[in-house]
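Me: Could you take a close look at the aromatic ring pairs in this protein for me? I'm in my first year, so please spell out the terms as you go.

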Amino acid sequence: MSTIIAGALRLCSFHRRLLHQRMSANVGLVPTASLSDSGQISEEVKKLLSLKSQLGIDPKPPKVKGKGNSEKSKESKKPPGEDGPKKFVLKTAKGTRDFAPEQMAIREGVFNKIIACFKRHGAVTIDTPVFELKETLTGKYGEDSKLIYDLADQGGELLSLRYDLTVPFARYLAMNKVSNIKRYHIAKVYRRDNPAMNRGRFREFYQCDFDIAGQYDPMLPDVECINIVVEILSSLNMDFVVKAIQLVSFDDDGVFAACGVPDHKFRPICSAVDKLDKTPWPEVRKEMVEEKGLDPSAADKIWEYVQLSGGTELLEKLLQDESLTSQKKAAEGLEDIKLLLQYCEALGISNRVSFTLSLARGLDYYTGVIYEAVLTGSQEDAVASSDDEGSVGVGSIAGGGRYDELVGMFDGKGRKVPCVGISIGIERLFSIMEAKAAESGQKLRTTETEVYVIAAQKGMVEERLKLCKTLWDADIKTEQSYKKNTKMLNEFQYCEQTGIPLAIIIGQSEIEAGIVKLKVMSSREE
């Protein structure tokens with residue numbers, strides 16, 4: 001009887017013995033012969049189920065094995081990670097990009113010209129960390145502070161990625177007690193901006209800064225910074241104009257005061273005016289009136305001034321404007337610009353500089369003359385036509401100004417170090433240069449190799465290596481094939497494709513004679 005029940009319940013050997021022992025001990029199971037009616041059968045089934053529950057056996061009947069269950073069983077036994085490769089999108093983060101060798105060749109050429117200009121003016125270079133204490137950057141950028149990338153707490157320090165190179169430079173001066181330096185710095189900065197990749201606006205990008213720190217006579221450091229902008233952009237064949245304004249003339253008793261702007265609204269209105277290079281006036285006016293609470297008549301008066309631009313003639317006209325000259329700082333600012341334009345004339349760059357009242361950069365740390373370079377003519381149209389955001393103009397390709405109080409913000413005693421500097425909008429320049437290269441159809445060299453060593457026969461690897469070593473030691477840029485035996489036709493094709501100007505050919509007869517054969521790839525002359 002126990003054997004029959006054990007078989008029906010699919011018991012293991014241990015539970016079989018346990019069932020047999022309990023039945024032998026008369027646990028109440030009735031012999032098969034006595035199961036004469038359905039009532040007894042039902043009662044015995046209940047006892048069997050109860051016993052099965054006590055023994056820890058699943059009372060559900062086993063499923064019939066089929067093809068589907070077998071496949072599922074096999075699938076469930078697959079080790080983790082054997083379900084095939086995980087699919088994901090290969091892309092760079094928003095606002096960033098990779099650069100191919102052809103693009104890097106353009107970038108390297110631009111960097112070399114910029115660095116050469118900085119060094120020509122006697123600048124030294126420094127470097128600062130890519131991230132700073134958050135408190136170092138906070139409150140220095142006006143409304144743009146919201147674009148700072150904050151990092152997660154690292155060991156009790158609240159950190160942020162640098163937004164520009166100017167504030168870290170000011171921190172460097174204060175921390176190291178430096179009062180006089182002319183420095184350049186080329187490095188990446190980070191902004192949580194809305195990127196426009198085809199216009200050279202990214203979230204990660206290079207800045208090229210040149211700054212002069214120290215107490216000097218008015219406008220002399222400032223005009224040199226403007227001259228550097230002119231030199232660099234001219235060397236890159238850009239069509240541009242440098243717009244300049246004395247920010248102090250806008251101050252609490254400057255142009256804004258003459259227009260009826262309250263003192264406490266100076267910075268917000270300055271920030272709004274700064275958007276005129278890329279936002280239509282009606283939208284800027286709406287921001288001034290509705291968002292910043294400026295009186296509409298004051299906004300209209302500002303519009304009358306910000307439309308003005310020109311040179312010495314405009315400046316003389318404004319010096320006759322009593323509403324401006326009655327404001328002390330406005331009069332001082334106009335006199336500073338007059339001196340600046342005189343120095344520009346002496347340097348022969350006055351044709352590249354325009355005095356304007358539409359410039360009011362929104363960064364909080366500027367205190368004096370500010371300026372920015374913008375594209376003109378066909379280049380402006382080309383970049384503007386590629387804009388997918390519908391904004392007006394193309395923005396600046398270089399900018400800067402005076403910031404005499406920024407270093408004092410980091411000095412415990414408030415010690416001020418007057419500073420003025422410029423920053424080249426290098427990514428926008430790269431975009432323009434890449435577009436020019438694409439239009440010209442000219443093939444760009446991505447290497448600087450001068451000589452390619454070719455063996456005319458097989459089994460001459462060691463001779464090739466010796467010749468390459470001689471050329472490398474002589475500081476001659478040299479390449480060779482990484483194959484033991486090569487075909488000369490393939491080697492010549494490689495030289496033509498990569499623009500290598502010369503090929504040196506060696507064979508057994510040349511080695512015995514102690515000579516080499518030199519081939520000019522452009523003319524095929526040997």
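Reply: Sure, let's start with the whole protein: of its 526 residues, 41% count as buried, where buried means under 20% relative accessible area, exposed means over 50%, and partly exposed is in between (1.4 Å probe, protein chains only). Keep in mind that this is a predicted model, so local features need pLDDT of at least 70 and side-chain atom pairs count only at pLDDT 80 or more, while totals for chains, interfaces and linings use all residues. Residues are numbered from 1 along each chain as its sequence is written, and side-chain values use heavy atoms, with hydrogens and water left out.

The secondary structure comes to 20 helices and 15 strands; these are DSSP runs numbered from the N terminus, with helices being H or I over at least four residues and strands E over at least two.

Now to the rings. A pair of aromatic rings is described by the distance of the centres and the angle of the planes. Here, rings of Phe, Tyr and Trp (its six-membered ring) pair if their centres lie within 6.5 Å; planes under 30 degrees apart count as stacked, over 60 as edge-to-face and the rest as tilted. Searching the whole structure this way turns up 10 aromatic pairs.

Take Tyr141 and Tyr365: the ring centres are 6.2 Å apart and the planes sit at 75°, so this pair is edge-to-face. It links distant parts of the chain, 224 residues apart. Tyr141 lies in the loop between helix 6 (134-137) and strand 3 (159-161), and Tyr365 in the loop between strand 8 (353-356) and strand 9 (369-375). Tyr141 has 0% relative accessibility, so it counts as buried, and Tyr365, with a relative accessible area of 4%, is buried too.

Next come Trp281 and Trp303, with ring centres 4.6 Å apart and planes at 10°, so that pair is stacked. Trp281 belongs to helix 11 (residues 281-291) and Trp303 to helix 12 (residues 296-306), and the two are 22 residues apart. Trp281 is buried, with a relative accessible area of 12%, whereas Trp303, at 29% relative accessibility, counts as partly exposed.

Back to the tyrosines for one last bit: ring pairs link Tyr141 and Tyr365 with Tyr163, Tyr366 and Tyr403 into a cluster.
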